[in-house]
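Subject: Structure handover

Hello,

Here is the structure for your records. My notes on what was found in it come after the structure.

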Amino acid sequence: MRIDFGRVALRLLGIASVAVVVGMPTMAGSANAGEQIFDELRFGASTSVQSGHSREDGVFPEITALFDPFGYDTAVGWQQQLLHPRVHLGTSIGTSGEASQFFSGFTWTVDFNEKLFAEAGFGGVIHTGDLEGDDDGPELGCRVLFHEYLGAGYRFSTHWNVMAQVAHSSHANLCDGPNDGMTRAGLQIGYKF
């Protein structure tokens, strides 16, 4: 039996979207009571920025949850913000037969002012892409890769923001096999609780 990870991930994305919209007032109320689960949820899409045979087709819907176990929300100034990263957990869904990614790691957010911010993230990813092969698309060599991203964003309010992001996943030549990597750029809309 073959599992279509893209279709499963799209269904999960749909369910998560409905849960966020329906539960937003409840979760925001929980935040006031000190019982919040997420610090922020982001929804968006990206596309491959690679060329040649390692370019990926299609658009990649994304969902990312950020958690604040180290006190980022209480950090004052960029120096303290760098010392208090958030934890991220997310997925990027391959819709045209390309690799889906499931990633986790640390996120460092620095505020330039009340509206503008920059972000960097580092962690790991498990993917469904080709390890080796003659097909179009990247040859990735390992099932588990490093995952890093850079982003710049704008806050519309205390809750809503938008962020442009470039993310890269590869194994940094730490395992045998090809290392084409995956590089994607896109936009995400965030809701901070």
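**Overall layout**

The chain has 2 helices and 8 strands, where helices (H or I, at least four residues) and strands (E, at least two) are DSSP runs numbered from the N terminus. Starting at the N terminus, the order of the elements is α-β-β-α-β-β-β-β-β-β. The model is predicted, so local features need pLDDT of at least 70 and side-chain atom pairs count only at pLDDT 80 or more, while totals for chains, interfaces and linings use all residues. Residues are numbered from 1 along each chain as its sequence is written, and side-chain values use heavy atoms, with hydrogens and water left out.

Of the 193 residues of the chain, 40% count as buried. Buried means under 20% relative accessible area, exposed means over 50%, and partly exposed is in between (1.4 Å probe, protein chains only). Accessible areas come from the Shrake-Rupley method with a 1.4 Å probe, and for residues only the protein chains shown count as cover.

**Salt bridges**

Side chains of opposite charge can pair when their charged atoms come close. The search of the whole structure finds 9 salt bridges, each being a side-chain nitrogen of Lys or Arg within 4 Å of a carboxyl oxygen of Asp or Glu. Three of them are described here.

Arg86 and Asp39 meet through their side chains in a salt bridge of 2.7 Å, N to O. This pair links distant parts of the chain, 47 residues apart: Arg86 is in strand S3 (residues 86-92), and Asp39 is in the loop between helix H1 (5-32) and strand S1 (40-48). Arg86 is buried at a relative accessible area of 2%, and Asp39 also counts as buried, at 0%.

A salt bridge of 2.6 Å, N to O, joins the side chains of Arg42 and Glu119. Arg42 lies in strand S1 and Glu119 in strand S5 (residues 116-127), so the pair ties together parts 77 residues apart in sequence. Arg42 is buried, with a relative accessible area of 2%, and Glu119 is buried with 3%.

In the third pair, the side chains of Arg184 and Glu56 meet at 2.7 Å, N to O. Arg184 is in strand S8 and Glu56 in the loop between S1 and strand S2 (59-67), so this salt bridge ties together parts 128 residues apart in sequence. Both Arg184 and Glu56 are buried.

Salt bridges with shared partners join Asp39, Glu40, Arg42, Asp73, Arg86, Glu119 and Lys192 into one network.

**Cavities**

The search of the whole structure finds 2 cavities of 30 Å³ or more. A cavity is a set of points, on a 1 Å grid over the protein atoms alone, where a 1.4 Å probe fits but cannot get out; lining residues have an atom within 4 Å of a point. Grid points are joined across faces, edges and corners, and a volume is the space filled by probe spheres set on the points.

The largest cavity has a volume of about 70 Å³. Its lining consists of Glu62, Ser92, Gln101, Phe103, His147, Gln165, Ala167, His168, Ser169, Met182 and Arg184. Strand S4 (101-111), S7 and S8 each supply at least two of these residues, and S7 gives the largest share, 4 residues. By class, the lining has 3 nonpolar, 6 polar and 2 charged residues. For these classes, Ala, Val, Leu, Ile, Met, Phe, Trp, Tyr, Cys and Pro count as nonpolar, Asp, Glu, Lys and Arg as charged, and the others, Gly among them, as polar.

The second largest cavity has a volume of about 50 Å³. Arg42, Thr64, His88, Phe103, His147, Tyr149, Met163, Gln165 and Gln188 line this cavity. Strand S6 (144-155) and S7 are the elements that give two or more residues to that lining. The lining of the second largest cavity has 3 nonpolar, 5 polar and 1 charged residues.

**Surface and backbone**

Phe112, Leu116, Tyr154, Phe156, Trp160 and Ile189 make a nonpolar surface patch of about 620 Å². Patches are made of residues with over 30% relative accessible area and no salt bridge, with like charges joined within 9 Å and nonpolar side chains (Val, Leu, Ile, Met, Phe, Trp, Tyr) within 5 Å. Trp160 is in strand S7 (residues 160-170) and is partly exposed, at 38% relative accessible area.

Ala172 has a phi near 55 degrees, a positive value in a residue other than glycine. Ala172 sits in the loop between S7 and strand S8 (182-192) and is partly exposed at 45%. Asn173, also not a glycine, has a positive phi of about 60 degrees. Asn173 is in the loop between S7 and S8 and is exposed, with a relative accessible area of 62%.

Regards

Conventions. On a 1 Å grid over the protein atoms alone, a cavity is a set of points where a 1.4 Å probe fits but cannot get out, and a pocket is an open set with protein on both sides within 12 Å along at least five of seven lines; lining residues have an atom within 4 Å of a point.
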